[in-house]
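Thanks for making the time this morning. I would like to walk you through one chain, beginning with a single helix and then moving on to a strand and its neighbours, before stepping back to the whole.

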Amino acid sequence: MTTAQRRRARVRAPELVGRGWLNTGDQEIALKELRGKIVLLDFWTFCCINCLHVLDELRPLEAEFADVLVTIGVHSPKFVHEADADALAAAVERYEVHHPVLDDPELTTWQNYAVKAWPTLVLVDPEGYVVHVAAGEGHVDALRRIVSELVAEHDAKGTLHRGDGPYVPPAPAGTELRFPAKALLTPTNTLLVSDSAHHGLVELDLDGETVLRRIGTGERGRRDGLEPTFSEPAGLALLPPHVADAVGYHVVVADTVNHLLRGVNLDTGLVTTVAGTGEQWRGGETGGPALGTLLTSPWDVAWWEPAGGVVVALAGNHTLGLFKPLEGRFERFAGTTVEGLGDGPFADAFFAQTSGLAADGDRLWLVDSETSALRRLEGGRVHTAVGRGLFDFGHRDGAADQALLQHPLGVAVLPDGSVAVADTYNGAIRRYDPSTGEVETLATDVAEPSDVLFVDGDLVVVASAAHRLERPVAPGRQVVGEAHQVRRPPTPLAPGELELTVVFTPPAGTRLDDRYGPSTRLEITSSPPELLVEGSGVGTDLTRTLRVAEGFAEGVLHVVAQAASCTDDPAVEHPACKLTRQDWGVPVRITEDGPRRLPLVMGGLDEGVTSAT
């Protein structure tokens, strides 16, 4: 967006309202106190993988413009647990958020800025006006251009103030483990733990406390060798002995933030990169030589014999990948990249941030954190045991079709064939019995359990937010708890005909890339499917007429948009290009006096907006 366009769309940024602040030394911040600074509001929630991607994307931008740019995270929770102030403080530390964070549990500031998706970025100029909005990830290049233009413009006007921002780092905490993620039992009867916030691996004695060795220097990085570095490692998979002997490493590590798989030789401690390039997948097909394939936030890994390789939970694009160590190849194994809860053949199923895997013969169990679901792969199809969709969660035991979880991250198969679930945001360990179809609670009051394993007759739990391994002992019991839905307020819409528009303005210096066909794509579906009489399906125009059926009070519109853009320089034979993609799950309330236009901003400003509220 040009300077002239920004001047035409002058919208005063609403004040920031919430319960409290983090990373400010207990001081409140008002936007009016930041006049003279460029302010970047990052609307996020700590369950959301795309939000975590944006945190990492913004780090170099924040460093580059440290004296003029103030980033403020506006934490707008999806799950009930995320509205807990202590849980938010832990997440801010866990993900190394180095800017002020507004705690907005009632979504007040979210609504004042008319936000409709996690994550959403809002740029405010030094005079307090909204100048750019972008939903999703991958916008850092556009932000850099706009911030540079704002610096030049307001430097010339004398309205830019340089200097330190309001960020105050919290006091560092020291524990042996810091937000551990996953664990496995090694062939030598020790416990290997991914020590996520310490960016390394720790080998413990079976007591779960005595440190035997550390693998990794503790620095964030991606260096191989005997002094390796990691970036928030998570899942761990032990290879069969014959495979380990052939490839020279015993354990595959999901090096999540590096978008890599790493191999670890347990005899020597040598670490090698075995899949991924370090660059994040942004679109397109996945497959080919493993070291040339782009990955996105691998969260967990598991060797599954029927697949002949390591199944990889690619949380970043809601798919499962397959890594074949003996062949050195990687391929898409299941999923379409559409986020949701959809069963069926592997290639057609929808997943939602798969975060835990556990193999059991011909079955592979998994938990999808964003749909709070327990599912399995078997016989070429995906089946859901527990879970209702993107917007329903809770803590309820009983029959599986009525049971509820809340953002589970770990799963394990017990000796009797039942399945233990690390029900993370409920702080509980749950058990599902496939033979009876019943769910029960084994333990509660566990601090964000992220993995569970069975060792010497005990359940060993990775209590991530307590920074330790635990052996909670409790008889199984039935919990009849509350059902919850996502706290986000629904968008009112009128029944009948309406216009949906995805707003996208190519960043300055770029243009839509139509060299090989249409540069944009829009896919719309609904839940329930009958909600839309017309307008569902795939097309190339970012504006579409929809017809909402009569007789519905509410529903969800699922919208996936993408746009290809390239640098706009005729002299360049091979311009730099990128694909911008965003998906929305928009809960809607059908009301006769609702609007007949639904704008969703992927990048730019909606010309129809006259107020941010």
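**From one helix outwards**

What we have on the screen is a predicted model, and I will start with helix α3, whose buried residues pack against four strands, namely β2 (20-22), β3 (38-44), β4 (69-75) and β5 (101-103). The helix itself covers residues 85-94, and the buried residues in question are Ala-87, Leu-88, Ala-90, Ala-91, Val-92 and Arg-94. When you look at that list, it may help to recall that an α-helix has 3.6 residues a turn, so residues three or four places apart point the same way.

Let me turn to the ends of this helix. At the N-terminal end, Asp-84 acts as the cap, with a side-chain oxygen placed 3.1 Å from the backbone nitrogen of Asp-86. After the helix comes Glu-96, which has a positive phi, near 50 degrees.

Now to the strand. How many of the five residues of β13 are buried? The answer is five of the five, across residues 251-255, and the strand is therefore largely enclosed by the rest of the structure. Val-251, Val-253 and Asp-255 point to one side of β13, while Val-252 and Ala-254 point the other way, and the burial applies to all of them. That pattern can be read against a general rule, which is that in a regular strand the side chains alternate between the two faces of the sheet.

Which strands, then, are joined to β13? One is β12, residues 233-238, which runs antiparallel to β13 and is joined to it by four bridges, and in this pairing Pro-233 stands opposite Asp-255. Another is β14, residues 260-264, also antiparallel to β13 and joined by five bridges, where Val-264 is the bridge partner of Val-251. β13 and β14 make a hairpin with four residues between them, and in that turn His-259 has a positive phi of about 60 degrees.

Finally, the chain as a whole, which contains six helices and 45 strands. For 613 residues, a compact globule would be expected to have a radius of gyration near 25 Å, and the 24 Å computed for this chain agrees with that. Along the principal axes, the C-alpha atoms fill a box of roughly 70 × 55 × 50 Å. Buried residues account for 60% of the 613, and, among contacts with a separation of 6 or more, 60% come from residues 24 or more positions apart. The accessible surface is about 23400 Å², with 49% of it belonging to carbon and sulfur atoms.

Notes
Residues numbered from 1 in each chain as written. Predicted model: local features only at pLDDT ≥ 70, side-chain atom pairs only at ≥ 80, totals over all residues. Heavy atoms only, no water. Buried < 20%, exposed > 50% of the residue type's maximum accessible area, 1.4 Å probe, protein only. Helix = DSSP H or I, 4+ residues; strand = E, 2+ residues; numbered from the N terminus. Pairing = 2+ DSSP bridges. Contact = heavy atoms within 4.5 Å. Polar contact = N/O pair within 3.5 Å; in protein donor to acceptor, adjacent residues only side chain to side chain. Rg over C-alpha atoms; globule rule 2.2 N^0.38 Å. Areas by Shrake-Rupley, 256 points an atom, 1.4 Å probe, with all protein chains shown as cover.
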